[in-house]
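Dear colleague,

I am handing over the structure below, together with some notes on what turned up when I went through part of it. Please read them alongside the coordinates.

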Amino acid sequence: MRNSGLPRVFDINMNNGQPHDYRHEPRLNENDPVWALLARAPRPQPDGWFTARTLARCRASGPVKAAGFVLGGMWRWALGGGLSLCLAVLLLAPQIHSGPTAADKQKNVQEAFAIMASLDTSDDDSSTAASASSAAPSSLWQD
Amino acid sequence: MKDEIPDEDSTRASAVDSDAHDKHLMVRIAGGDEEALRELIEKHQGAVYGTIAKMLGDPVEAQDLAQLVFVRVYRAAGAYRATAQFKTWMFTIVRNLVFNEHRRRSRATLVPLHPQENESANPGGPVGLDLPDLATKTPGETVLQREMMQKVDEAILALPEQQRLAIVLRRYDEFSYEQIAVILKTSVPATKSLLFRARETLRVALQDYLEINKKEGSDGK
């Protein structure tokens with residue numbers, strides 16, 4: 001392992017490359033003077049009526065939450081389903097609307113081209129006629 | 001050294017048995033068995049109430065919050081899934097309630113009605129009722145013991161809440177680093193760091209009493 005050439009990784013949870021054994025640490029604590037001093041101030045204990053009062057409070061809080069949990073779960077599912085449905089509608093609605101509009105636009109463009117094409121042909125006729133009519137006075141003026 | 005490991009193993013085995021029993025009690029509570037609830041409360045009330053009292057320094061508030069912990073355990077029995085150790089799960093509820101209470105207190109400035117009178121009436125410390133042990137100790141020793149308890153409690157209360165809970169869980173409930181890390185929602189190295197800093201702060205705050213304690217210990221030997 002040492003001659004493998006790889007750098008040895010030291011982690012805070014490792015002890016010279018070996019997994020740290022936490023089982024011995026409480027015994028180290030016992031030798032700590034702070035630990036010993038904390039033992040001089042033990043935890044207070046509840047009074048004799050604590051259990052009775054707590055049981056009464058549990059009873060007053062209602063039955064165990066098993067049914068409530070199922071209902072709560074159903075509410076959560078219903079709410080989640082509704083929200084996802086709304087989101088899906090919001091996302092899909094523009095796409096649904098954009099489909100026919102694109103087709104309409106294409107149709108309009110085609111119609112516009114057709115109108116333009118028809119206008120072009122009528123313009124050609126009128127322009128030749130106009131040029132013919134305009135040529136006459138000029139020739140008259142030149143004369 | 002070899003003798004210590006079987007002790008640790010037997011302690012761990014009894015902890016596993018205790019955890020299995022707690023989980024069995026939870027199943028019974030979910031089925032509406034009130035006797036199981038009583039057993040669970042009686043088993044854990046000392047640890048829950050004691051931890052909260054050490055955290056808040058207020059026995060009345062500690063009673064209320066400890067009851068609330070058991071109410072929450074009872075209400076959640078139907079939905080309880082034994083994925084983690086029961087005690088770790090229950091102390092996560094303790095943590096949430098205690099930290100919420102801290103936040104509530106930090107928002108609302110609480111003024112004691114008669115601070116000076118309370119202190120003089122109960123010099124034994126901010127928590128618990130301590131009667132003098134006149135049978136085995138001289139009045140001077142009793143006063144010193146009370147003063148020491150009060151100073152230790154004050155020093156613990158002066159710690160930041162995460163450090164305070166870590167030290168109380170480790171010292172009084174003998175939780176492992178891993179369990180404390182789960183309860184505090186942090187990593188094992190971070191838990192060790194919290195405990196180290198808490199211990200160093202307490203060492204400085206209780207310097208005088210550490211020397212007295214050391215002297216008493218050497219005199220006792």
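Does B:Thr92 count as buried or exposed, and why? Please bear in mind that this is a predicted model. The relative accessibility of B:Thr92 is 17%, and because buried means under 20%, B:Thr92 counts as buried. B:Thr92 sits in helix H4 of chain B, which covers residues 86-107, and, once its neighbours within four places in sequence are left aside, B:Thr92 is in contact with B:Ile183 and B:Lys185.

The packing around that residue involves a second helix: H4(B) packs against helix H8 of chain B (residues 177-184) at an angle of about 45°, with the two axes 8 Å apart. The angle therefore makes H4(B) oblique to H8(B), and the crossing of H4(B) and H8(B) is right-handed. On the H4(B) side the contact is made by B:Thr88, B:Phe91, B:Thr92, B:Arg95 and B:Phe99, while H8(B) contributes B:Gln179, B:Val182, B:Ile183 and B:Leu184.

I also looked at helix H3 of chain B (residues 59-75), whose 17 residues should span 24 Å at 1.5 Å a residue, and the end C-alpha atoms are indeed 24 Å apart, so the two values agree. At the start of H3(B), a side-chain oxygen of B:Asp58 comes to within 3.2 Å of the backbone nitrogen of B:Val60. The buried residues in H3(B) include B:Leu65, B:Val69, B:Phe70, B:Val73 and B:Tyr74, and among them are also B:Glu61, B:Gln63 and B:Gln67.

With best regards

Technical notes: Residues are numbered from 1 along each chain as its sequence is written. Chains are lettered from A and ligands numbered from 1 in the order in which they are written. This is a predicted model: local features need pLDDT of at least 70, side-chain atom pairs count only at pLDDT 80 or more; totals for chains, interfaces and linings use all residues. Side-chain values use heavy atoms; hydrogens and water are left out. Helices (H or I, at least four residues) and strands (E, at least two) are DSSP runs, numbered from the N terminus. Buried means under 20% relative accessible area, exposed over 50%, partly exposed in between (1.4 Å probe, protein chains only). Contact means heavy atoms within 4.5 Å. The expected span of a helix is 1.5 Å times one less than its number of residues. A polar contact is a pair of N or O atoms within 3.5 Å; within protein, one must be able to donate a hydrogen and the other to accept it, and residues adjacent in sequence count only if both atoms are side-chain atoms. Axes are lines fitted to C-alpha atoms, for helices over the stretch in contact, and angles run from 0 to 180 degrees between N-to-C directions. Angles under 35 degrees count as roughly parallel, over 145 as roughly antiparallel, 65 to 115 as roughly perpendicular and the rest as oblique. A crossing is left-handed if the near helix is turned anticlockwise from the far one by less than a right angle, and right-handed if clockwise.
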